[in-house]
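Hi,

Here is the structure I promised to hand over. Have a look at it first, and my notes follow below.

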Amino acid sequence: MRTYAGIPEENATPENSKVMLVTVPYDGTSTWGKGADKGPELFLDASENMELYDIETGTEPYLNGVYMAGEITEKSSPEAMTEAVYQKTKELINNYEDKIFTLFGGEHSVSIGSIRAVGEKYENLTVLQLDAHTDLRPDFHGSTSNHACAVFEASQKHNLVQVGIRSMDVEEMQYVPKGQCFWAHEIATNPNWIDDVVAKVSGNVYITIDLDAFDPSIAPSTGTPEPGGLAWYPTLELLKKVFEKCNVVAFDIVELMDSPMAKPTAFLAAKLYYKMLAYNFTTKK
C-alpha cells in the first residue's frame, strides 16, 4: 500500500488516521508550462525522503495518521474533472467528519470542486488563497473549470482572502475582493502584512496554495513562475497564525510541475504539507 511519507501502514488506515489525502493528477487546461499532472507523484516521492520529526513544534505529525483516500483520474473534460473532485470531496467530508480533508494537484482547477463541496458543508467559510495569480476569470477558453477560474466561484459564495498576487488580467479587477487582496508589492513594504491578513480570516477556513505564490528562487518548478513571490518563513508564520485562530477544515496544494528543476520544489511542497499538519495538530484546543 502506497502511503504518504512512507509512514507505517498502522498510521495510514481510515480508522487510525486524522487526515485524508486525495491526489488529482490533472493538467488539462494549463496554457504555458505543462507537467502538473506529475505533481502528486513528485510530491509523494519527495515526502518519502523527509525526516518525520518537526523541530519547530517538537512533534511527529504522521502519528496522527494520513489516509491516502484515492486518486481522481477523470480527464475527459475540465467540467467532468471538477464534478469528480466535488463528488469525492463531498463523500469523504460527510463520511469522515473527524478528519481534515487535504488535496494535492494537479493544476489549480482541481480546487474548484473541493472548495464547492467544503463550502456546502461548512457555514461562514473563508477561502485563503496563496497565489501569484488572481484566478478570478468567470470562464477562460470556453470553460468555467479552467485553471484561470480557480477561485471565481469561491469569490461569489465565500469570504475570499488573496495573498501574494502579482499577476492578473484587467478584466479580473472587478472581482478582486475589496480590502482582502494582499498584493505582493505591498507585502514587500508592509512589516505588518501577516497580522493584516489574519485579521481578514475567520470561521471555518479552506486554504488553497498555488506553489507559484512562492518566489521562484525557492520554488522554480511551477507552470507560471512569477518574480517577487513569498518567502518560506513568513509564509509559515502566516499559516501557523491562521491555524491558531481559525478552524481549518481543508487545504490543498497545487501546481507542482515536472521539470529538470522539480526536486527542490517537490521537497518544498512535501515539507509545506507536513508543516501544515504540524500546525493543525499543535494548535487544536
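Helix 7 is the top contributor to the lining of the second largest pocket, giving five residues. Bear in mind throughout that this is a predicted model. Helix 7 spans 232-245, and together with helix 8 (262-283) it makes up the elements that put two or more residues into that lining. In total, 14 residues line the second largest pocket, and those nearest its centre are D54, E56, Y233, L236 and K275. Its volume comes to about 250 Å³. What is the chemical make-up of this lining? It splits into seven nonpolar and seven charged residues, with no polar ones.

Now the largest pocket, which holds about 350 Å³ of space. Its lining has 22 residues, and H133, D135, H147, A148 and T224 are the closest to the centre. Here the lining divides into ten polar, eight charged and four nonpolar residues. D135 deserves a second look if you care about backbone geometry: its phi is positive, about 55 degrees, although D135 is not a glycine. You'll find D135 in the loop between strand 4 and helix 4.

There is another backbone oddity to check while you have the torsions open. The peptide bond joining G105 and G106 is cis, with omega at about 20 degrees. G106 sits in the loop between strand 3 and helix 3.

On closed-off space: how many cavities of 30 Å³ or more does the structure hold? Just one, and about 50 Å³ of space lies in it. The cavity is lined by I112, I115, R116, A150, V151, E153, A154, K157 and H158. Helix 3 (111-121) and helix 4 (152-157) are the elements that supply two or more of its lining residues. By class, the cavity lining has five nonpolar residues, three charged and one polar.

As for the fold, eight strands make an open sheet, with parallel pairing and the order 2-1-3-8-7-4-5-6. Which strands sit at the edges? Strand 2 (66-71) and strand 6 (181-183), each of which pairs on one side only. From one strand to the next, the twist averages 15 degrees.

At the strand 6 end, strand 5 (residues 159-165) runs parallel to strand 6, and three bridges join the two. One detail to click on is I165, whose bridge partner in strand 6 is W183. Helix 6 (residues 193-200) packs on the sheet, where it touches strand 4 (125-130), strand 5 and strand 6. The direction of helix 6 makes about 160 degrees with that of strand 5.

Last, the rings. The structure has nine aromatic pairs. One of them is F43 with F104, a stacked pair at 4.0 Å centre to centre with 10 degrees between the planes. This pair links distant parts of the chain, as F43 belongs to helix 1 (residues 39-47) and F104 to strand 3 (residues 100-105), 61 residues apart.

If you only have a few minutes, I'd start with the two pockets. Put the list around H133 and D135 in the largest pocket next to the list around D54 and E56 in the second largest, and colour both linings by residue class. After that, the G105 to G106 cis bond and the positive phi of D135 are the spots I'd look at in the backbone.

Cheers

Notes
Residues numbered from 1 in each chain as written. Predicted model: local features only at pLDDT ≥ 70, side-chain atom pairs only at ≥ 80, totals over all residues. Heavy atoms only, no water. 1 Å grid on protein atoms, 1.4 Å probe; cavity = no way out; pocket = protein on both sides within 12 Å on 5 of 7 lines; lining within 4 Å. Points joined across faces, edges and corners; volume = space filled by probe spheres on them. Nonpolar A, V, L, I, M, F, W, Y, C, P; charged D, E, K, R; others polar. Helix = DSSP H or I, 4+ residues; strand = E, 2+ residues; numbered from the N terminus. Pairing = 2+ DSSP bridges. Axes fitted to C-alpha atoms, helices over the stretch in contact; angles between N-to-C directions. Contact = heavy atoms within 4.5 Å. Phe/Tyr/Trp six-rings, centres within 6.5 Å; stacked < 30°, edge-to-face > 60°.
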